[in-house]
Amino acid sequence: MAKNSNGNGQNKDQDLARATSESANYLTDNQGHPVGDDQNSLRAGPRGPTLLEDYILREKIQHFDHERIPERVVHARGAAAHGYFQVYESLAEYTSAKVLQDPSKKTPVFVRFSTVAGSRGSADTARDVRGFAVKMYTEDGNWDIVGNNIPVFFIQDAIKFPDLIHAVKPEPHNEIPQAASAHDTFYDFISLTPESMHMLMWVMSDRAIPRSFATMEGFGVHTFRLINAQGTSHFVKFHWKPVLGAHSLVWDEAVKIAGQDADFHRRAMWESIEQGTPFEWEMGIQLIPEGEESKYDFDVLDATKLWPEDLIPVRIVGKMTLDRNPDNYFAETEQVAFMTTNIVPGIDFSNDPLLQGRNFSYLDTQLSRLGSPNFSELPINRPLAQVSNNQRDAHMRYTINKGRVSYAPATLDGHSPDETTSARGFHSYPQDVSGQKVRVRSESFGDHYGQARLFWNSMAPVEKEHIVKALQFELSKVETRDIRVRMLGQLAQINEVLAAQVGLALGEKVQTGAKTAKPNGTADSADEIAALANASSPTSASGGLERTSGLSLEEGQPQTAKGRKVAILAAPGVAAAQVQAVQDALAAEGAMAEVVGPYLGALGDSGVEATKTFANSGSVLFDAVYVPGGAASVAMLQKQGDARKFIDEAYKHGKAIAASAEGADLVMATELGRFAQGNGGAGALAEQGVLLSKDGAALARQFVAAIAQHRFRNRAYAEMVAA
Ligand code: HDD
């Protein structure tokens, strides 16, 4: 077959190297002219006016003036990394997609994580959905799974997307609030949109404040199809399960981190990859054979519904590893263009109306953001597969096509590329389609509360408490009472205990039904309501399940200290051997440690160096705290409010705390220590993940095990400690 090759099959690294201008070892302008002076503009005499002739000045300033491209209208803030995907065993039974067939093949990937509502400069830890966009450079062209860290969406039809986004974005008259859904326009829209209730439950849950990109699940959200070589179709949902388990921040941490380190998530990914610890996920699929979808009481085309894992298990089929940071944020992370239409032969769309609308939106948005249909030629977007067609020209054309044929059919020069009619070519699944042209929502999309209840029922008590607190926070920021009341009405449809608890913080009494009935028909104390909170609500659109696994973050997570970050609190006189011992124990488990001291650098002649200080970091940036012995070090830290607060705050947030030898004195000097005295002291603290011991080696082991538990929810004094 003749080809109009544009060289796209070249090695990607070579292409990238060609695209950089760093090869000259002297300064040039953009035309390659050597520059003799980059410090002074050309002027008429040392004190005279600048000359128009100064092409070097003009080119440099003009390029600068045009440095920004429009930020993404949603998902503006993001960070990305390179890596690869490998399937565990051939899925040829289900799909002819080559990327899912050969376990020996490593398919390069580029993955961008993002928040949705905030602009490019907003904080990483805002309460929000996270984008989880995967681009696989497969041999049959690029495959993008443009997903989120939540498996469902706010709306069922793409025509509502601009409304949803206008409602959640900062309000148009004063551009407040940034990166936050806690405001009137969002809840005005949501309270009038019952189909959003399931997604709202997810966004108010701990899922919306992930601990790290590495501890986030990813979901393709929509139902797609897998098609095998015989043309058999299965409906499929794609999942990414984090190898480290799914973990979240607590709200107080998320708020404080936004101030202490707005780049918390992107920094953690960058540093981990630089240190040689990749981020890893396993790919999972849920399958429903074509024709069997109607046996469920939810519609597989409805993006506000998930497929309960207890009904349709997730089969783990491969692994994705992110192990290389981008070289240049703009060229790669900012210019990467994801599109739901990037699928490969063996995978196909479903009729999900949200997906169908997205299939228009992404190409359109890339034309607007990147300014030319040639965005697909940018190094980060260019497929590794050959590109060969008769499309030509347009702004910023990179390819130099040869020959005179740019049309088909053609005989001249033998140059027109042939279609691939064989199995290799992309062929849409030949689904029967007929019907009237209508603008209607299918009745099968009509249940808006059943799966919201399934989610609520599936939460652990502490997760329910977090959802209630999140809604109390969000709705108390809504200034219009009518909207608040309307939201309580919606919440009552999901679970009246939930609505009543949220209502307490809003000064509203929520009528509760039979289950919570009081003589006056209301529930009016937090304790009374909490006692009822764990009763399950009846569900629908859930395949008959009242609850399902796969939704709670408190269940079934792998226990590992890998990737965790530990603060070692130290001052001059610290026992260096104890610091070393815990550092070794942590490193052996793949956890990281930093010494936090009163100042940077060598701590007296202890041989220990502080890499962080109480001025530039706080406990919220770490997963656990260790206090080594050394009488002088501990005596100094005991006098520092910041050091004591560090421990109290870590305690409040449920993090593992350990202290060896004299280090225990610092723990006992905190507010938590004072509560513990007289209440069982060190023994009672140990059960709560606060480990005080003289035996350094045993302590290090227990500490690592405690970190692996992620959080201790049984902290007796958590509410009392003020930090
Ligand atoms: Fe979208 C970006 C995910 C619905 C229109 N979307 C964008 C990104 C992700 C998602 C991860 C960022 C990609 C990147 O990192 O560059 N979007 C979703 C998911 C949805 C969804 C999981 C529902 C299941 N999106 C959705 C709809 C529309 C869009 C219904 C429009 C009809 N999304 C866009 C967009 C963006 C975008 C405006 C902004 C920048 C971009 O595409 O490249 O076209």
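Which residues of α4 are buried? They are Asp184, Phe186, Tyr187, Phe189, Ile190 and Ser191. Welcome to this structure, which is a predicted model. The protein chain has a mean pLDDT of 93, and 93% of its residues reach 70 or more. The points below visit the enclosed helix, the annotated binding site, the iron atom, the aromatic rings and the parts with low confidence.

**Helix α4 and its cover**
- Helix α4 spans residues 184-191, and 6 of its 8 residues are buried, so the rest of the structure largely encloses this helix.
- Several helices help to cover the buried residues of α4, including α3 (161-168) and α5 (197-203).
- Further along the chain numbering, α11 (461-476) and α12 (481-494) are also among the elements that cover those buried residues.

**The annotated binding site**
- An unreviewed UniProt entry places the feature "binding site" at Arg72, Arg112, Phe161, Arg358, Tyr362 and Arg369.
- Arg72 sits in the loop that runs between α2 (55-65) and β1 (78-87).
- Arg72 has a relative accessibility of 9%, and because buried means under 20%, this residue counts as buried.
- Setting aside neighbours within four places in sequence, Arg72 is in contact with Arg112 and Arg369, as well as Thr333, Glu334 and Val336. Arg112 and Arg369 also appear in the UniProt "binding site" feature.
- Arg358 belongs to helix α9, which covers residues 353-370.
- With 16% relative accessibility, Arg358 counts as buried.
- Not counting residues up to four places away in sequence, Arg358 touches Val146, Ala158, His222 and Thr340.

**The iron atom**
- Which protein residue donates to the iron atom of the ligand? The single donor from the protein is Tyr362, through its OH atom, at 1.9 Å.
- Tyr362 lies in helix α9, the helix that also holds Arg358.
- Tyr362 is one of the positions in the UniProt "binding site" feature as well.

**Aromatic rings**
- Across the whole structure, a search finds 22 aromatic pairs.
- One of these is the edge-to-face pair of Phe113 and Phe132, with 5.0 Å from centre to centre and 90° between the planes.
- This pair links distant parts of the chain, 19 residues apart: Phe113 is in strand β2 (residues 107-115) and Phe132 is in strand β3 (residues 130-138).
- Both Phe113 and Phe132 are buried.
- Phe153 and Phe154 also pair edge-to-face, because their ring centres are 5.9 Å apart and their planes meet at 70°.
- Phe153 is buried, with a relative accessible area of 12%, and Phe154 is buried too, with a value of 7%.
- One aromatic cluster brings together Phe85, Phe113, Phe132, Phe213, Trp240, Phe279 and Trp281.

**Lysines over ring faces**
- Lys106 lies over the face of Tyr84, 4.4 Å from the ring centre.
- Lys135 lies over the face of Phe338, 5.3 Å from the ring centre. Lys135 falls within the residue range of strand β3 (residues 130-138).

**Where confidence is low**
- Over residues 1-10, pLDDT stays under 50, and the model has 34 contacts beyond four places in sequence for this stretch.
- Over residues 514-524, pLDDT again stays under 50, and here the model has 25 contacts beyond four places in sequence.

Note on methods:
Residues numbered from 1 in each chain as written. Predicted model: local features only at pLDDT ≥ 70, side-chain atom pairs only at ≥ 80, totals over all residues. Heavy atoms only, no water. UniProt positions renumbered as here; feature names shortened; annotations may be inferred. Helix = DSSP H or I, 4+ residues; strand = E, 2+ residues; numbered from the N terminus. Buried < 20%, exposed > 50% of the residue type's maximum accessible area, 1.4 Å probe, protein only. Contact = heavy atoms within 4.5 Å. Donors = N, O, S within 2.8 Å, 3.2 Å for Na, K, Ca; no water. pLDDT = per-residue confidence, 0-100. Phe/Tyr/Trp six-rings, centres within 6.5 Å; stacked < 30°, edge-to-face > 60°. Lys NZ or Arg CZ within 6 Å of the ring centre and 35° of its normal.
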